[in-house]
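User: I am new to this structure and would like to learn how to read its features. Could you guide me through them in turn?

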Amino acid sequence: MAKKSDGTSLDSIFDELVAKMDQSKKDIFAISEESRQSYEEMKDELETVRTNIGRIITEGDSLEDKTRAARRRLAELSRSFNKFTESQVREAYETANQLQVQLSLNRAEEKKYRQKRDRLQKKLQKLLQTIERAERLVNQMNVATNYLSSDLEDFGEVVGKSKTKQDFSLRIIEAQEEERKRLSREIHDGPAQMMANVLLRSDLIEKTFREKGPEKAFKEITSLKDMVRQALTEVRRIIYDLRPMALDDLGLVPTLKKYLETIEEYNQGVRLDFQSNGNETRLPNNFETSIFRLVQEAVSNAIRHGKSTEIEVKMEWLPEQVSIIIKDDGSGFDQQIVKDQSFGLTGMKERIELIGGEFFINSTLGEGTVLMFHIPLKAGM
């Protein structure tokens, strides 16, 4: 009974700890969002200040030219004082004096705006650091809560596991959190911004209709439709990257083929060649998802980091295993340097190990990269 009671108490402690961490995470997220909102507003203010500085400098240059001209006029009057009337002399002195006062005011205004610009830039830098720290903290708390919330059937057994196994689990959770963070940024910078613009444009259409009539408003509506179409395309792309629905309906090979065609379409100048040889077979969901992610990561790295323009993806369906070879003509890398430092490669290796497969890589600086995956079919059946 005591043992059971201890287990119940431990569960209660864990539940309370996770609940508090979840609440803290929400609080940090709220602070991050407020900071991000302030950051965007301050960026707009900084842009206005910079515009004003440019205007003031232009005005100052013009005043300086006029002031120099007025001084030359005074010098001319001084040399030939008797040739000019008293009113002409007085007017020249007053003009020169007014221009000098305006120039002084202009320089003071420029200094004020420059100081304001410098203050805003420092505040923006601090806000950005706050946002990044908040994101890192939320990410770390997600890792901790996910780890604590995992299915710990026997706490003593988990505590007794090797450090390597714990690190391995944490790395997987960290990878998931990094992917979530990347996704949130994609949504924030892509569809979310587009939809905010749609809202602004809808207000503009209403104003255009009232002030300029239906014809001008119709043109704005056409432009708005294009913007909504772009937002929809971006949302579909993000959903596809998360998990292509075709993977469940059509299977691995058709989904990969469609995915690579889409990547080729999005990246002008990049050519992707896909081949699948042998008797294709449906695999369990986790296997098909893992293989899809491996190919996705490899192709993404080849384009983003390797600057590849030619990528070949080849699948070989054998009686006991499926092999995937991904070859690119990119910049390649020094395996001795990158091997232990690339989280992308480490993630691939861990993903392939989870489904009992093997991972091989061959890359030379300046000569492209070849990746090879072997996945046993019997393990997936």
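Analyst: Let us begin with a single residue. Phe 287 lies in helix H8. Please bear in mind throughout that the model is predicted.

User: Is Phe 287 buried or exposed?

Analyst: A residue counts as buried when its relative accessible area is under 20%. For Phe 287 the value is 6%, so this residue is buried. Its C-alpha is 9.9 Å from that of Arg 351, although 64 residues separate Phe 287 and Arg 351 in sequence.

User: Helix H8 was mentioned; on which strands of the sheet does helix H8 pack?

Analyst: The sheet itself should come first. Strands of a sheet pair through backbone hydrogen bonds, in either a parallel or an antiparallel manner. Here five strands form an open sheet with mixed pairing, in the order E1-E2-E3-E5-E4. Strand E1 (271-278) and strand E4 (358-363) each have a single partner strand, so they stand at the edges with one side lacking a neighbour in the sheet. On average, neighbouring strands of this sheet are turned by 10° against each other, direction ignored.

Strands E1 and E2 (residues 310-317) run parallel and are joined by eight bridges. Within this pair, Gly 278 is opposite Trp 317 of E2. Helix H7 (residues 252-266) packs on the sheet and touches E1 and E2, with its direction at about 170° to that of E1. As for your question, helix H8 (residues 285-304) packs on the sheet with contacts to E1, E2, strand E3 (321-328) and strand E5 (369-376), and its direction makes about 10° with that of E3.

User: How many aromatic pairs does a search of the whole structure find?

Analyst: Such a pair is described by the distance between ring centres and the angle between ring planes; planes under 30 degrees apart count as stacked, over 60 as edge-to-face. The search finds two aromatic pairs. Tyr 259 and Phe 292 are edge-to-face, at 5.1 Å centre to centre and 65° between the planes. This pair links helix H7, which holds Tyr 259, with helix H8, which holds Phe 292, across 33 residues. Both Tyr 259 and Phe 292 are buried.

Phe 359 and Phe 373 are stacked, with 5.3 Å between centres and 10° between planes. Phe 359 belongs to strand E4 and Phe 373 to strand E5, 14 residues apart. Both Phe 359 and Phe 373 are buried.

User: Which element of the chain has the lowest mean pLDDT, and which the highest?

Analyst: pLDDT expresses the predictor's confidence in each residue. Helix H3 (residues 155-159) has the lowest mean among the elements, 46, and E2 the highest, 95. For the chain, the mean is 77, and 72% of residues reach 70 or more.

Notes: Residues are numbered from 1 along each chain as its sequence is written. This is a predicted model: local features need pLDDT of at least 70, side-chain atom pairs count only at pLDDT 80 or more; totals for chains, interfaces and linings use all residues. Side-chain values use heavy atoms; hydrogens and water are left out. Two strands pair if DSSP finds at least two bridges between them. Helices (H or I, at least four residues) and strands (E, at least two) are DSSP runs, numbered from the N terminus. Axes are lines fitted to C-alpha atoms, for helices over the stretch in contact, and angles run from 0 to 180 degrees between N-to-C directions. Contact means heavy atoms within 4.5 Å. pLDDT is the predictor's confidence in each residue, from 0 to 100. Buried means under 20% relative accessible area, exposed over 50%, partly exposed in between (1.4 Å probe, protein chains only). Rings of Phe, Tyr and Trp (its six-membered ring) pair if their centres lie within 6.5 Å; planes under 30 degrees apart count as stacked, over 60 as edge-to-face and the rest as tilted.
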